[in-house]
Amino acid sequence: MAASIREKQTAALKRMLNFNAPPLKNTTESVWKVLIYDRFGQDIISPLLSVKELRDMGITLHLLLHTDRDPIPDVPAIYFVMPTEENTDRICQDLRNQLYESYYLNFISAISRSKLEDIASAALAANAVNQVTKVFDQYLNFITLEDDMFILCNQNKEHISYHAINKPDIMDTDMEAIMDTIVDSLFCFFVTLGAVPIIRCPRGNAAEMVAVKLDKKLRENLRDARNSLFTGDTMGTGQFSFQRPLFVLADRNLDLATPLHHTWTYQALIHDVLDFHLNRVSVEESQGSEASPAGARPKKKNKKSYDLTGADKFWQKHKGSPFPEVAEAVQEELDTYRAQEDEVKRLKSIMGLEGEDDGAISMLSDNTAKLTSAVSSLPELLEKKRLIDLHTNVATAVLDHIKSRKLDVYFEYEEKLMSKSTLDKSLLDIISDPDAGTVEDKMRLFLIYYITSQQPPSEADLEQYKKALVDAGCDLSSLNYIKQWKAFTKMAATPANYGSSGVKPMGLFSRVMNTGSQFVMEGVKNLVLKQHNLPVTRILDNLMEMKSNPVSVLVCFSLSLRPFIFSLISTNIKHAIVFVVGGGNYIEYQNLVDYTKARQGKRVLYGCSELFNAAQFMKQRQVCLTVVMNLYYTHCLLNNYSVVILLLFKC
């Protein structure tokens, strides 16, 4: 089986940390060294390599570039930074200060010739030319979160956010800079993947601008056969494959309902209701029943962080499961652990028997082997207990949000709205219910109703809804934006189709309704998801299955000299990458994972310019104080002719 993007990026990092030489499998001795990175490098490394793994590779210290660092003159230093002017200036300062024995400079993306000359001049002036041992462009300017998921950046993500792309007062030069940033990261992704994609994108939006620039950059690199990053020994990370993947570029404006949707799967719920980024979740610890002394300040809640990594088997198995299944699985793991713990205690008790009667001696001989086995498995048992405690704490924090905000009710209602099913309760009743969710929950629900409805509500009904929302404390700026967006999508194209989604309630919980359970699930609905394809997944399905009715008019870039209108090609597509310009979410990611599971032999990766939850997405919308439809023409040079792209949102 082909290596995943996480495995390829991890291998590239390990090679870099071994002085850009392949790690030797049989050697146990490592050269001690220092790792110097900036915030971008830290974000790339942290989801892939633990501190223990860094130590095993000889990294004794890992420090941020822009901190006060003491000289360590007898140790080599590996730098992993972006090629910015600020970073190159600090590297030049390190050379002048003679901080380390030797310098291995690794740039996350390609460094320009002018900045390279600045470093060379500084090395010459500091008489440190021989100490600069290697300089590499690593082409690792993206963050891998899962085997099949990546994002472009975590630092300065506001520069390529949905708001940044769609604001009306953006200058042509600013838009070009945003597109160049996105294309640079995507180019690094394909270099690491070791594949040249066949690009598909819809017309007339930011996704097409990205496709044009990426196509141009790939062709320019392939034309230079001697220095191409996709052929021969010049490939430092990936291995070129002639099985070209399909690369589907989508624009966030294609589907604004899914980022607002309340979800029901474990990973997406954690991202929605807790502080979760770069595979680390922070949970507030309960303070117990101890009361603060009279007149004293209330105790500040402590936050505990947990890493949810690929080494966690429970996480890998259940991150895409509905929350009730996760609660039952945690309880089942806890019961199994307690049974194993009780067995160890029982064996210890037997081994402590006094006297030398025949029965005691016989019992000892029978149980010695069992106790030896139990002791040898103790480290594994302790690790299992740690993971159980982790998921118990995280799932309990999620459950508190579900119960206090009635998220199960919101999820079920929104699924019915999106699938055009019969509603058993009026929308106005939920908005007006003071006990049903937060202000944000009510606004999200109404926006989904407004986006997915075939016909917008009448002015009288809309005023009634707006009054209820204002009475509940909602900010209506997002609604004004969605009204303008919906009016345009009705003129420009067919609204997004959310398929025959839906949920069905199941019976009572088996393991988590008893009195001894860690989870009190009383009052929470046991909802089971019905498989359906979201708009992005439907577009991918049309392309991979070669269906005759594409969702929208697409442009194809196949490294030819001119882009051409998408046409059916009799190629069996096995590997696809879906990338959303303007931001993505775990709901779309899980939908693509479920889609892939049902199609044996297919591989699908999901990527986005930034990863946001509903609150963060709405905040970008609420930056807009007034929302007025505007037409903006951005002129892009496409192979000697100009294309006009309409940017239609004022925010």
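The lining of the largest cavity is a mix by class, with six nonpolar, six polar and two charged residues; here Ala, Val, Leu, Ile, Met, Phe, Trp, Tyr, Cys and Pro count as nonpolar, Asp, Glu, Lys and Arg as charged, and the others, Gly among them, as polar. The model is a predicted one, in which local features need pLDDT of at least 70 and side-chain atom pairs count only at pLDDT 80 or more, while totals for chains, interfaces and linings use all residues. Residues are numbered from 1 along each chain as its sequence is written, and side-chain values use heavy atoms, with hydrogens and water left out.

Back to the cavity itself. A search of the whole structure turns up three cavities of 30 Å³ or more, and the largest holds about 100 Å³ of space. A cavity, on a 1 Å grid over the protein atoms alone, is a set of points where a 1.4 Å probe fits but cannot get out, whereas a pocket is an open set with protein on both sides within 12 Å along at least five of seven lines; lining residues have an atom within 4 Å of a point. Grid points are joined across faces, edges and corners, and a volume is the space filled by probe spheres set on the points. The largest cavity has 14 lining residues, and Ala268, His271, Asp272, Ile587 and Asn613 sit nearest its centre. Helix 9 (266–273) and helix 20 each put at least two residues into this lining, with helix 9 giving the largest share, three residues. Helices (H or I, at least four residues) and strands (E, at least two) are DSSP runs, numbered from the N terminus.

Helix 20 turns up again in the second largest pocket, which takes in about 910 Å³ of space. Of the 41 residues lining this pocket, Tyr589, Gln590, Val593, Asp594 and Lys597 are the closest to its centre. Elements giving two or more residues include helix 1 (5–17), helix 14 (407–418) and strand 18 (603–608), but helix 20 gives the most, with eight residues. By class, the pocket lining splits into 15 nonpolar, twelve polar and 14 charged residues.

On to helix packing. Helix 20 (residues 586–597) packs against helix 19 (residues 535–544) at an angle of about 35°, their axes 9 Å apart; axes are lines fitted to C-alpha atoms, for helices over the stretch in contact, and angles run from 0 to 180 degrees between N-to-C directions. The crossing of helix 19 with helix 20 is right-handed (the near helix is turned clockwise from the far one by less than a right angle; anticlockwise would be left-handed). Contact, meaning heavy atoms within 4.5 Å, brings Val536, Thr537, Leu540, Asp541 and Met544 of helix 19 up against Glu588, Asn591, Leu592 and Tyr595 of helix 20. Five nonpolar, two polar and two charged residues make up that contact.

Helix 9, met above in the cavity lining, also packs on helix 13 (residues 378–405): their axes come within 10 Å and cross at roughly 70°. The two helices are therefore roughly perpendicular to each other (65 to 115 degrees, with under 35 counted as roughly parallel, over 145 as roughly antiparallel and the rest as oblique). Helix 9 passes helix 13 in a left-handed crossing. Tyr266, Leu269, Ile270 and Val273 of helix 9 make the contact with residues of helix 13 including His391, Val394, Val398 and Arg405. This contact comprises eight nonpolar, two polar and one charged residue.
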